[in-house]
Amino acid sequence: MRPILRAAERTVETIGLVCFAAMLLATAAQVLFRYVLEWPVLWTEEAARVLFLLAMMCGFVIAQRRGEHIVVDFLRARLSPRPAAALGALFDLVVLAFLLLLLRGAVRMVELTWGSAFITIPWFTSAHLHLAQIACLVALALLVAGSLIQHCAALARPEPTR
């Protein structure tokens, strides 16, 4: 299972890096063409915006996988292992509920925007962006579910005697 997770992480990381680099190139091209050559290229702004969103969604998945999201854990750090695991499981359940709400909205947006293309990038529809959002939300939900399973396993272990 770990090799699959590592391969998936590398794939998402590569996609995110490529999107970020392409966003930087599109932004640099926009500045160069608009302000230096005085010949605006219309598609660069929309492309940079879409690439930023894709890179950001990949970043969410990577940060969740590595446990690098910002956490205020002063309360959890003061708890013994069993209550800390219970609090972690509760937090994971809240995050899963939130992700399910986002997923529901993303599926609805795919339905509503399937035929609406970007103005300067006609082959890329808004639905494509929401499909990427769905993929990232599913990946996040799977990672949070794995964390929930770990917290529940910690709760099932007998507490050490002192």
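Select Glu 38, just after helix H1: this residue takes a positive phi of about 50°. Helices here are DSSP runs of H or I with at least four residues, and strands are runs of E with at least two, numbered from the N terminus. The model is predicted, so local features need pLDDT of at least 70 and side-chain atom pairs count only at pLDDT 80 or more, while totals for chains, interfaces and linings use all residues. Residues are numbered from 1 along each chain as its sequence is written, and side-chain values use heavy atoms, with hydrogens and water left out.

Next, select residues 2–36, which form helix H1. H1 has 35 residues and reaches 49 Å from its first C-alpha to its last, close to the 51 Å expected at 1.5 Å a residue; the expected span is 1.5 Å times one less than the number of residues.

Within H1, pick out Glu 9, Gly 16, Cys 19, Met 23, Ala 26, Ala 29 and Gln 30, the buried residues of this helix. Buried means under 20% relative accessible area, exposed over 50%, and partly exposed in between, with a 1.4 Å probe and protein chains only. Add residues 43–66 to the display: this is helix H2, and what covers the buried residues of H1 includes it.

Stay on Glu 9 and show Arg 66. Their side chains meet in a salt bridge at 2.7 Å, N to O. A salt bridge is a side-chain nitrogen of Lys or Arg within 4 Å of a carboxyl oxygen of Asp or Glu. Because Glu 9 lies in helix H1 and Arg 66 in helix H2, the pair ties together parts that are 57 residues apart in sequence. Glu 9 is buried, with a relative accessible area of 17%, whereas Arg 66 is partly exposed at 40%. Now add Glu 13 and Arg 65, which are linked with Glu 9 and Arg 66 in a network of salt bridges.

Move along H2 to Glu 45 and Arg 49. These two lie four residues apart, about one turn of the helix, and their side chains form a salt bridge of 2.6 Å, N to O. Glu 45 is partly exposed at 40% relative accessibility, and Arg 49 is partly exposed at 45%.

Last, go to helix H4, residues 81–113, and select Arg 108 and Glu 111, three residues apart. Their side chains meet in a salt bridge at 3.0 Å, N to O. Glu 111 counts as exposed at 51% relative accessibility, while Arg 108 is partly exposed at 45%. The salt-bridge count comes to five.

Technical notes:
Contact = heavy atoms within 4.5 Å.
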